[in-house]
Structures are given as structure tokens and as C-alpha cells.
Amino acid sequence: MLYFLDSCTRIMKRRILTTPTIYVVDDDLSVRESLSSLLRAEGMAVETFASPIEFLALERLKDFSCAVLDVRMPGLDGLSLQDELARRGWEVPIIFITGHGDVPDAVRAMKAGAIDFLKKPFDDLALLQGITSALSRVSRAFHRKLEAAELRERYEQLTPREKEVLDMAIQGKANKVIALELGISESTIKVHRHNVMSKMHFRSLPELALALQRLKEADRAG
């Protein structure tokens, strides 16, 4: 079944690609195994949990992920788990699966932001469509993080001198002025600037300056 792979390829088409992680929380072992087999066959990473308590033991959730939760489970149920995730600030799109399909439960789940509410037995394609929709929701923010991380990594590959030249160039200083202030030749400045643009993968200085400004703003916000 290639539905998910085709859709996810469009979602994730960037310079950096990664595999989405699907968290499956269900107290029924057979359900966990069947969903794990289905999702792995579609190229996804899968982590299964027998209870919400097991799931909540994670230190953090992966950025590009969604959760498939059973509604009725012993102890903490799926809806209560949804509430706890919101309380912790763990933003992950949720698809509920249930053998009961109570309307009040569905209404409560959807009002709290659930992507879908599927009654067992459900069609595999319906689940994959829900997962695609869930990942689409997080895709934009996820890729902003990826691009910021990539830009930060490239910047750290610059030498101290290249960073110094870049900073002065962004300030609008001409090569002659930079060379004079740093006590090196103008031709050396040109070499440094060429190396900076090559390492950073940008063609124009204004574009690079704007990208670095956004990166600084994201770092301050984070």
C-alpha cells in the first residue's frame, strides 16, 4: 500500500528528510502488533505502548510524529491521556481508535483537537489518511526547525575569521573597509566571502543576512 508514502513524500520534500514516528497506545497486544506491522510497511517508525502510563514515561516526543490512541484502556484512558498531553505542553496530533464509538467521546476528542476518531474495525486506508493529515499539521513547523538546524550547522562550520568577515559584510561594509579594519588584503577578504557563501549555500548576501536574522529570532524565542 503506497498511499502514505506518496503523500508523505510531498509533505517532506526538503533538503533534509526524516522518517515520521507514530506512537501507538493500546492495551490490546494484537492491535499494537497489527498496527505496527502496517505502519512499518509504509515506511514509518513505530513505537508501541501498552498503557498511557508507559507512554507518559517518555522524556519528550519527536518533532515529526503523531499518536494513535485507544479510547478505552484500564486506568488512564485515551481521552484522559489527551488531556495530560495538553497539560504538559506536548503538542502531538492524535488519532483515536475505539471499539465503542460513543458520540460524546468523539465530540470531546475532536473539540480537544483530535485529527480523527475511528471505530474498530477500521479500514487501513482510513487510518493512513488520518496519519497523513496529522503529519501535514506538524510538517510546516517541523521543517522550519529542520531548516534552522541545518543553517545553524552550516554557520558553525565557518572559521572565526569567516564569521568576522560575514558580520562586517552584513553591516554593509565594503571589502576595502573590512580589509583595512582587519589588517589583511582585499583579495583575502574576497576569498573569505566566497567561502562563506559556498559553505552557507546562499547566492546572495541579503538572503543570507535575512536567514541569519530569522535564526537569531528563533533562538531568542526558544
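These legends walk through several close-up views of a predicted model.

**View 1. How far can you trust the chain?** Let's start with confidence, since this is a predicted model. The chain has a mean pLDDT of 86, with 88% of its residues reaching 70 or more. Go easy on residues 1-17, though: the pLDDT there is below 50. Beyond near neighbours in sequence, that stretch has 39 contacts in the model.

**View 2. Five strands line up in an open sheet.** Read across the sheet and the order is E2-E1-E3-E4-E5, with parallel pairing. Which strands stand at the edges? They are E2 (45-49) and E5 (116-119); each has a single partner strand, so one side of each is left without a neighbour in the sheet. On average, neighbouring strands here are turned by 20 degrees against each other, direction ignored.

**View 3. Strand E1 is joined to E3 and to E2.** Zoom in on E1, which covers residues 21-25. Five bridges tie E1 to E3 (residues 65-70), and these two strands run parallel. One pair to look for is Thr21, whose bridge partner in E3 is Ser65. E1 and E2 also run parallel, again with five bridges between them. On that side, Ile22 has Val46 in E2 as its bridge partner. As a bit of background, strands of a sheet pair through backbone hydrogen bonds, either parallel or antiparallel.

**View 4. Helices H2 and H4 lie across strands of the sheet.** H2 takes in residues 29-41 and lies across E1, E2, E3 and E4 (94-98). Its direction is at about 170 degrees to E2. Follow the chain through E1, H2 and E2 and you trace a right-handed β-α-β unit. H4, made of residues 78-88, lies across E1, E3 and E4, and runs at about 165 degrees to E4.

**View 5. Helix H7 meets helix H9.** How do you describe two packed helices? By the angle between their axes and the distance between the axes. For H7 (residues 160-170) and H9 (residues 186-200), the axes come within 9 Å and cross at roughly 95 degrees. That makes H7 roughly perpendicular to H9. On the H7 side, the contact is made by Arg161, Glu162, Val165, Leu166 and Ala169. Facing them in H9 are Ile189, His192, Arg193, Asn195, Val196 and Lys199. Sorted by type, the residues of this contact come out as five nonpolar, two polar and four charged.

**View 6. Helix H8 meets H9 too.** The axes of H8 (residues 175-182) and H9 come within 8 Å and cross at roughly 110 degrees. H8 is therefore roughly perpendicular to H9. From H8, look for Asn175, Lys176, Ile178, Ala179 and Leu182; from H9, look for Glu186, Ile189, Lys190 and Arg193. This contact divides into four nonpolar, one polar and four charged residues.

**View 7. Two loops hold backbone details worth a look.** Most residues other than glycine have a negative phi, and most peptide bonds are trans. Which residues does a cis peptide bond join? The pair is Lys120 and Pro121, with omega at about -10 degrees. You'll find Pro121 in the loop between E5 and helix H6 (124-156). The other detail is at His201, where phi is near 65 degrees, a positive value in a residue other than glycine. His201 has its place in the loop between H9 and helix H10 (205-221).

Key: Residues numbered from 1 in each chain as written. Predicted model: local features only at pLDDT ≥ 70, side-chain atom pairs only at ≥ 80, totals over all residues. Heavy atoms only, no water. Pairing = 2+ DSSP bridges. Helix = DSSP H or I, 4+ residues; strand = E, 2+ residues; numbered from the N terminus. Axes fitted to C-alpha atoms, helices over the stretch in contact; angles between N-to-C directions. Contact = heavy atoms within 4.5 Å. Right-handed = clockwise from strand over helix to strand, strands pointing away. Parallel < 35°, antiparallel > 145°, perpendicular 65-115°, else oblique. Nonpolar A, V, L, I, M, F, W, Y, C, P; charged D, E, K, R; others polar. pLDDT = per-residue confidence, 0-100.
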